[in-house]
Amino acid sequence: MRIGILYDIPRWEERNLIEEAKKLGHEVKLEYTKDSIFLTNERREQEIDVFIQRSVSHNKALLSSLVMESLNFTVINDYNTLIRCENKAITTFLLSKHNIPTPKTGIAFNPEKALELANKIGYPVVIKPIEGSWGRMVAKAQDEDTLRSYVEYQSYSIQKFRDSYYIQEYVNKPNRDIRIFVIGDEVPVGIYRVNDKNWRTNTALGAKAEPLKIDEELRELTLKVREVIGGFFLGVDIFEDKERGYIVDEVNGVPEYKNTVRVTGFNVSQFLIRKIEELIKK
Amino acid sequence: MVLLKCPVCNGEVQVEDDALPGEVVEHECGAQLEVVKEDGKMSLRLAEQIGEDWGE
Ligand SMILES: Nc1ncnc2c1ncn2[C@@H]1O[C@H](COP(=O)(O)OP(=O)(O)OP(=O)(O)O)[C@@H](O)[C@H]1O
Ligand SMILES: [Zn+2]
């Protein structure tokens, strides 16, 4: 195959993808989104069989996937999937519409209504930027006083969605959450992200990755998430609740997997490329 | 290795021959730089700060 990789910052994942693709005998063409020009109806080298979207910038990812699809290329992940992942409100409300357990979540469009919403949910609550990652600016408010400050900070911030207050219940999870991967139609690997000190279990914030044994319930839930969100390569974040069981926090459309490979020994890049081979042959 | 100029301090920066566009290099002056390739020629520019829309 000729595999195109759309990217802006070459991280471990992108390098590893290039290496594994070459090992499997594929040709790799890198498309550095930041310095590319994308035109309607542009005739590009049609020999590219598939593009893999790896841009860190959500905006670049979304738009460059869209453009490539408009030129009739297959892109993983496609624009529609990315839209559903990048915007946390879209993810949550779509999942809950399809009866997939999510934290009790609401959205309000002005500071007073945000406080009213939090009272309906019950403290402590978590407030998050609708778009963002690595735990950035995800905050927990124990009471209304604290939340009022967060809401005020957000209202004066330069966030894109500063007028949209995305607030949810604090799920009393153990000192960890689950990151599990969809690759093609399979759920081959996942990790726990453990942090004893910070309730935010992002590895970017110092959580330890540990291998996860995937049980049938988790596998089925993850595949159900894929049915709703779409896509070919997803990183799904899941909480464990003592009473309610698994609760889906969010879905990542350009997932990182360096730590997953490190602690499980599972070759994510190779598995992904093999799955793409199957897809392209069809 | 390729020898490039730091756009901040004008000092010399060593970059691998096979560096990819977008690769981030930290210079001894403290500047975070990114590799640019234009018509096969490599140069450096100031890297971006983490963007609001960056993530997985
Ligand atoms: N409602 C919640 N209840 C308890 N913990 C939460 C809740 N929401 C988020 N967290 C914790 O905070 C972390 C960051 O939140 P979240 O994953 O929603 O943000 P993110 O910035 O999108 O992170 P990611 O890099 O995983 O995309 C989660 O990994 C989880 O540990
Ligand atoms: Zn310098």
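**Entry 1: terms and model**

Helices (H or I, at least four residues) and strands (E, at least two) are DSSP runs, and I number them from the N terminus. I note at the start that I am working from a predicted model.

**Entry 2: cis peptide bonds**

I looked for peptide bonds that are not trans. Most peptide bonds are trans. I found that the bond from I76(A) to N77(A) is cis, and its omega is near 0°. I placed N77(A) in the loop that runs between strand 4 (75-76) and helix 3 (79-86) of chain A.

I noted another cis bond, which joins Y123(A) to P124(A) with omega about -5°. P124(A) also falls in a loop, between helix 5 (111-121) and strand 6 (125-128) of chain A.

**Entry 3: positive phi**

I then turned to the backbone angle phi. Most residues other than glycine have a negative phi. I found that N72(A), which is not a glycine, has a positive phi near 70°. I located N72(A) in the loop between helix 2 and strand 4 of chain A. Is N72(A) buried or exposed? N72(A) counts as exposed because its relative accessibility, 71%, is over the 50% cut-off.

In chain B I noted D39(B), where phi is positive at about 50° although the residue is not a glycine. D39(B) sits in the loop between strand 4 (32-38) and strand 5 (41-46) of chain B. At 78% relative accessibility, D39(B) is exposed.

**Entry 4: where chain A meets chain B**

I looked up the contact between the chains. On the chain A side 29 residues are in contact, and on the chain B side 16 residues. The area buried between chain A and chain B is about 1900 Å², and carbon and sulfur atoms give 45% of that area.

How many residue pairs are in polar contact between chain A and chain B? I read a count of 17 pairs, with both residues at pLDDT 80 or more. I then asked which elements of chain A supply the side that touches chain B. Helix 1 (12-23), strand 2 (27-32) and helix 2 (58-70) each supply at least two residues. Helix 2 of chain A gives the largest share, three residues. By class, I recorded eleven nonpolar, eight polar and ten charged residues on the side of chain A that touches chain B.

**Entry 5: salt bridges between the chains**

Side chains of opposite charge can pair when their charged atoms come close. I read five salt bridges between chain A and chain B. One that I looked up pairs R45(B) with D35(A), at 3.2 Å from N to O. I also traced a network of salt bridges that links K34(A), D35(A), E34(B), R45(B) and E48(B).

**Entry 6: salt bridges in chain A**

Over all chains I read a total of 31 salt bridges. In chain A, the side chains of R176(A) and E240(A) meet in a salt bridge at 2.8 Å, N to O. R176(A) lies in strand 9 (residues 176-183) and E240(A) in strand 12 (residues 233-241), so this pair ties together parts that are 64 residues apart in sequence. R176(A) is partly exposed at 23% relative accessible area, whereas E240(A) counts as buried at 14%.

D237(A) forms a salt bridge with R193(A), and their closest N and O atoms are 3.4 Å apart. D237(A) is in strand 12 of chain A and R193(A) in strand 10 (residues 186-194), so the pair ties together parts 44 residues apart in sequence. I checked the accessibility of both partners: D237(A) is buried at 2%, and R193(A) is buried at 4%.

I also noted a salt bridge between the side chains of K208(A) and E210(A), at 3.8 Å from N to O. E210(A) is partly exposed at 31% relative accessibility.

**Entry 7: cysteines**

How many disulfides are there over all chains? I read a count of zero. I looked up two cysteines: C85(A) is buried at 6% relative accessible area, and C6(B) is buried at 1%.

**Entry 8: a loop residue of chain B**

Last, I looked up D18(B), which lies in the loop between strand 2 (12-15) and strand 3 (24-26) of chain B. D18(B) is exposed, with a relative accessible area of 60%. D18(B) and L46(B) are 28 residues apart along the chain, and I noted 19 Å between their C-alpha atoms.

Definitions and conventions
Residues are numbered from 1 along each chain as its sequence is written. Chains are lettered from A and ligands numbered from 1 in the order in which they are written. Side-chain values use heavy atoms; hydrogens and water are left out. Contact means heavy atoms within 4.5 Å. Buried area is the accessible area (1.4 Å probe) that two parts lose on being put together, summed over both. A salt bridge is a side-chain nitrogen of Lys or Arg within 4 Å of a carboxyl oxygen of Asp or Glu. A polar contact is a pair of N or O atoms within 3.5 Å; within protein, one must be able to donate a hydrogen and the other to accept it, and residues adjacent in sequence count only if both atoms are side-chain atoms. Ala, Val, Leu, Ile, Met, Phe, Trp, Tyr, Cys and Pro count as nonpolar, Asp, Glu, Lys and Arg as charged, and the others, Gly among them, as polar. A disulfide is a pair of cysteine sulfur atoms within 2.5 Å. Buried means under 20% relative accessible area, exposed over 50%, partly exposed in between (1.4 Å probe, protein chains only).
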